[in-house]
Amino acid sequence: MILNKRKIISSIALFICFLTACWGIFWLSFILVDVIRHGLSGINPDLFLKDPAPPGEEGGGLRNAFVGHFLITLFATLIGVPIGILGGTFLAEYGRKYNISKIISTLADIMVSVPAIIIGAFIYAIIVKPFGHFSGWAGAIALGIIMIPTVVRTTENMLSLIPWTLREAAFALGAPYYKVIIQVVYRGAATGILTGIILAIARVTGEAAPLLFTAFNNNYFSLNMSQPIASLTVTIFQYAMGPYEEWHAQAWGAALIITLFILFATITGRLLIKRRYKE
Amino acid sequence: MQKQRGKLKDLIFLSITAVSAFAVIAISIGIFLVLFKESLPSMNKFGFEGFIFSTEWDPVKEIFGATPALIGTLITSFFSLILATPIAIGIAIFITEIAPNFLKSIIGTAIELLAAIPSIIYGMWGLFTLAPIMANDIEPFLQSTIGKLPLIGKLFEGTPLGVDLFTASIILSIMIIPFTASIARDSFNLTPSVLKESAYAIGATKWEVVKDIVLPYSKLGVLGGIGLSLGRALGETMAVAFVLGNLNQIPKSLLDPAATVTVKLANEFTEADKDIYLSSLYYLALLLFLMSFTILALAKIFLLKAERK
């Protein structure tokens, strides 16, 4: 009898755990289905090919925001990825015995989760204010700074996975350490590092908060990174909070594109890493 | 000759990597110093307690107080944490102990995709889809059931608008589930199977093994995961900005619109036309940075301790 009671309690508890998993899946599908449903109605060729129409008027698109977003993300990657990879290299290779490396590594872990809007405020003070105006560069640097800790940590982890004997074999041939790192260690860890980069790009692509007061926004098409430049995320924020139906539809369209890109990048990253480090 | 050139190149490469690594320290300290410097005018004018314990936020009279924003941040963060933690732990238990192998990776990936969805999408979806549902169905329902209870009922007073603390907390809770869940899952997996097997051998049920062996063993890791989620919830901006209404008041119930530190920053930063206004916003940003940094650091210490065990 007692055994039965315990078994029943166990089943109920495990069933509740099953329900919590369903709860998570439920929200994921709810959000995705909703974004796809609304997003599809907002997507048309004009969205990609035309610049915004004056407020309240029909038509127009978000070409400026797509291009601006691409530029900001591209330059953010060019800033964040090299610094991140080199920093991670120091932690895993040259500096692996020093305490300072452990401190940097822990600090990077914390900085990964520090609110993105704080980075925006930081960049506003050191770049936007001295120059006197918002600029695409400020936005790219803000996103680049957000990428650094993520890339540092993944690079460090991936390099540490390379067996030490591999390096010793290269040392034995008389290769200096930098050659060992570049030609042996990097090559072995390439997939892992690439995954880290993909995931970091996926993360900053969806950021809006740090762009609000760095890259700001621009209703016109612009390739000039030293002026305010439009981004998809800030445009979504502005359009979704705005009063026009037309704006809402375009915001949904942009939201769908961003979501698909990020999910695609995230899943690709996970598959890559799984294939490479399958036991 | 050749060897010396190799040594020189090695030294150069070493210096470049070292500088990049120290960039992390430089950025962290730089953020603190810059936020501190920018908030000095506001600090001098209002002081610490005068800023934190003042409810007035009046750009015209140039009086700024942080209480409503801080309270909004604390309520949304803790309420979402209360909602998310049991669910995240349940998911972790399901993935590690119950699910068959093929489901493990599918559900694991699905939950991690929840973390990949950008916060602006959460916010937009919250505003257009969730808020109307909350206002029309869920909040009136809660008012007519839980709302009738003494004490707790107070939390659900007011007109259900959908744009309020309750909706914001629900969205936040969905967003932070993956952080706790994935760390809890990793900690559960660290439990030595010998311990679990000995419990099974003396006749424990699966739930008893989870409750009495796995959970106590991975306590530190789970706490670290909860801390990480809390740090995320404190700093979440866009998702909350859509559904909180940015109203500078001390909320009386969960169905009131409110403001958080992040929402204030997002909405007012570009509008701040006076130096003291901007400085006060920086003061808020500094407080947020210190809060989230402390909590994230504590979470990290827990996780490091859990790893070392």
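User: What length does helix α4 of chain B reach from its first C-alpha to its last?

Analyst: Keep in mind that this is a predicted model. Helix α4(B) covers residues 101–116, so it has 16 residues, and the expected span is 1.5 Å times one less than that number. That gives an expected 22 Å, and the helix comes close to it, reaching 23 Å.

User: Which residues in α4(B) are buried?

Analyst: For a residue to count as buried, 20 or more other C-beta atoms have to lie within 10 Å of its own. In α4(B), the ones that pass are G108(B), I111(B), L113(B), L114(B) and A116(B).

User: How many helices and strands are there in chain A?

Analyst: Reading along the sequence, you just get α-α-α-α-α-α-α-α-α-α-α. That pattern goes with a count for chain A of eleven helices and zero strands.

User: What percentage of the residues of chain A count as buried?

Analyst: The C-alpha trace of chain A spans about 70 × 70 × 35 Å along its principal axes. Using that same cut-off of 20 or more C-beta atoms within 10 Å, the share of its 279 residues that count as buried is 50%.

User: Which helix gives the largest share of the side of chain A that touches chain B?

Analyst: The contact takes 69 residues from chain A and 69 residues from chain B. On the chain A side, the largest share is 19 residues, and they come from residues 2–42, helix α1 of chain A.

User: And how do the residues on that side of chain A divide into nonpolar, polar and charged?

Analyst: Here we're sorting the side of chain A that touches chain B. Its residues come out as 52 nonpolar, twelve polar and five charged.

Definitions and conventions. Residues are numbered from 1 along each chain as its sequence is written. Chains are lettered from A and ligands numbered from 1 in the order in which they are written. This is a predicted model: local features need pLDDT of at least 70, side-chain atom pairs count only at pLDDT 80 or more; totals for chains, interfaces and linings use all residues. Two residues are in contact if their C-beta atoms, placed from the backbone, lie within 7 Å. Helices (H or I, at least four residues) and strands (E, at least two) are DSSP runs, numbered from the N terminus. Ala, Val, Leu, Ile, Met, Phe, Trp, Tyr, Cys and Pro count as nonpolar, Asp, Glu, Lys and Arg as charged, and the others, Gly among them, as polar. A residue is buried if 20 or more other C-beta atoms lie within 10 Å of its own, exposed if 12 or fewer, and partly exposed in between; C-beta atoms are placed from the backbone.
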